[in-house]
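Please look through the structure below before reading on. The paragraphs after it go from single residues to cores, salt bridges, a pocket and some details of the backbone.

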Amino acid sequence: MRSPPKPHLTAKGFQIVVVNYAITHRQDLAFKLAGLNTVISVISGPAQIALIDAAAEAGIRRFAPAEFEGQAALRPQPDALDRGKRAALDRLQQYQTRGMQYTSFVCGILYERFGPGGMVAKGIGLRSGIGAEGDYLVHISQKKAHIPYDANGQPGTISMTSAEDVGKFVAAALDLPQWPPELQMRGDRMNVLRLVNIAEAIRGVQFEKAHYNPQSMESALQLSRASEDIQAQLRTIALIATANGRFDFITSNLNSLVDVTPKGLQAWLQEAWQNQ
C-alpha cells in the first residue's frame, strides 16, 4: 500500500492517488492508471511487477522501470544488487510485443551519494541498504575513501548524474517520438581517484584512503558473508561492481537528443558542501 498523500506534494499541484500493489487489487490499480500515456516507476520488486501488469491492462503506451543506474547488460547473474530489476525488464519485454514501449533510464551513480547524509538524506535509496553517506566510495564528512581497482590495476571509472538533472532528462524524454530500450544520460564521468581528488580539494584536506584490488575485495566479501554482515556485503559488492565497470558507459544518447545541460560533479559538490 502506498503511504498517505504528502501535503508538500499536493501543495505543489501534484495529484496523489493511494494504491494497493497486491495482485488482488490489479484491476483497481489498472482503473486508476486508465487515461495515462506514460508511467515512470520508482518502486522495485513485486510491487513494480504489479504496476507493469496493471499498466499493460490499462493500455499504457510507455513505461520506464525503476532502473536509474548502469546498463543492464553489464550486471552479473545472479546479481546481489538486482532488487527485482531483471524480472521487471523481462516482463516489459513481454508487453513490448503487445505495443507498450519501455526504456531504461541509465544515469550511472547519483551525485547525491556523495552529498551530506548521502542519498537517504534526500529520500532516495531508502531500501537499498547502501544509501547513506560513506556507503559507497567516499565519506566526505569523515574524510575517508575506498578506491577499487580492476585486474589491470586501473581504478574503477563511473558515470554520474545529479537527481535533479535526471528529472530534467526524463521530463525531456517524454517528448521523444520513440523510446529505445535504453536512454543514457550523464552529468560527469571519471575514475574514482579523480573523484576523491575533487572531494579533497573541496574540503581542503587529504582523505584517508583504502585501496582494493580484486583479491582484497573478494576476501572482504567472504569475511562479510562469514559474519553475516549484509550491509558490509552490499558495500563490497558495490566496490567490485565499480571495478568491473558496471556503473560506467561511454555513450550518452539522451544527452544528444534533448536540450538539457547537466551540472558537473565538482560544481555540484561545491554547492552541496559550501555550508557544511
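Leaving out residues up to four places away in sequence, Thr 242 touches Tyr 136, Pro 148, Gly 156, Thr 157, Ile 158, Val 192 and Phe 247. The model shown here is predicted, and this list of contacts is computed from its atoms. Thr 242 is part of helix H8. Its relative accessible area is 1%, and residues under 20% are called buried, so Thr 242 is buried. For a sense of distance, take Leu 51: Thr 242 and Leu 51 are separated by 191 residues in sequence and by 30 Å in space, from C-alpha to C-alpha.

Helix H8 also holds Thr 236. Thr 236 has a relative accessibility of 9% and therefore counts as buried. With residues up to four places away in sequence again set aside, Thr 236 touches Met 217, Ala 220 and Leu 221.

The next topic is the nonpolar cores. In soluble globular proteins, nonpolar side chains tend to be buried together. In this model, the largest nonpolar core has 35 residues. Which of its residues touch the most other members? They are Phe 114, Val 138, Ile 158 and Met 160. Two or more residues of this core come from each of strand S7 (144–148), strand S8 (157–161), helix H6 (192–203), helix H7 (214–226), H8 and H10. H8 gives the largest share, six residues.

Phe 114 shows what membership of this core looks like from one residue. Not counting residues up to four places away in sequence, Phe 114 touches Ile 109, Tyr 136, Leu 137, Val 138, Ile 140, Ile 158, Met 160, Leu 195, Leu 265, Trp 268, Leu 269 and Trp 273. A second core, separate from the one described above, has 21 residues, among them Leu 51, Ala 88, Met 100 and Tyr 102. Leu 51 is the residue that lies 30 Å from Thr 242, C-alpha to C-alpha.

Charged side chains come next. The structure holds 16 salt bridges. One of them joins the side chains of Arg 235 and Asp 135, with 3.9 Å from N to O. Where along the chain do Arg 235 and Asp 135 lie? Arg 235 is in helix H8 (residues 230–243), while Asp 135 is in the loop between strand S5 (109–110) and strand S6 (138–139). The two are 100 residues apart, and the pair links distant parts of the chain. Asp 135 has a relative accessible area of 10%, so it is buried. Arg 235, at 29% relative accessibility, counts as partly exposed.

Another salt bridge is formed by Glu 200 and Lys 209, whose closest N and O atoms are 2.7 Å apart. Are Glu 200 and Lys 209 buried or partly exposed? Glu 200 is buried, at 6% relative accessibility, whereas Lys 209 is partly exposed, with a relative accessible area of 30%. Lys 263 and Glu 271 form a salt bridge too, with their closest N and O atoms 2.8 Å apart. Here Lys 263 is partly exposed at 32%, and Glu 271 is partly exposed at 48%. Salt bridges can also be joined into a network, as they are for Glu 67, Glu 69, Arg 75, Asp 79, Lys 85 and Arg 246.

Glu 271 appears again in the second largest pocket, where Glu 112, Lys 122, Glu 164, Trp 268 and Glu 271 lie nearest the centre. This pocket has a volume of about 310 Å³ and is lined by 14 residues. Trp 268, one of the residues nearest the centre, is also one of the contacts of Phe 114. By class, the lining has seven charged, four nonpolar and three polar residues. Helix H5 (163–173) and helix H10 (265–273) supply at least two lining residues each. H5 gives the most, with four.

Last come some details of the backbone. Gln 77 and Pro 78 are joined by a cis peptide bond, with omega at about -5°. Pro 78 sits in the loop between strand S2 (62–64) and helix H4 (85–96). Phe 68 also lies in the loop between S2 and H4; it is not a glycine, yet its phi is positive, at about 55°. Lys 143 is not a glycine either, and has a positive phi of about 55°. Lys 143 is in the loop between S6 and S7, and is partly exposed, with a relative accessible area of 31%.

How values were computed
Residues numbered from 1 in each chain as written. Predicted model: local features only at pLDDT ≥ 70, side-chain atom pairs only at ≥ 80, totals over all residues. Heavy atoms only, no water. 1 Å grid on protein atoms, 1.4 Å probe; cavity = no way out; pocket = protein on both sides within 12 Å on 5 of 7 lines; lining within 4 Å. Points joined across faces, edges and corners; volume = space filled by probe spheres on them. Nonpolar A, V, L, I, M, F, W, Y, C, P; charged D, E, K, R; others polar. Salt bridge = Lys/Arg side-chain N within 4 Å of Asp/Glu carboxyl O. Buried < 20%, exposed > 50% of the residue type's maximum accessible area, 1.4 Å probe, protein only. Contact = heavy atoms within 4.5 Å. Core = buried A, V, L, I, M, F, W, Y, C linked by side-chain atoms within 4.5 Å.
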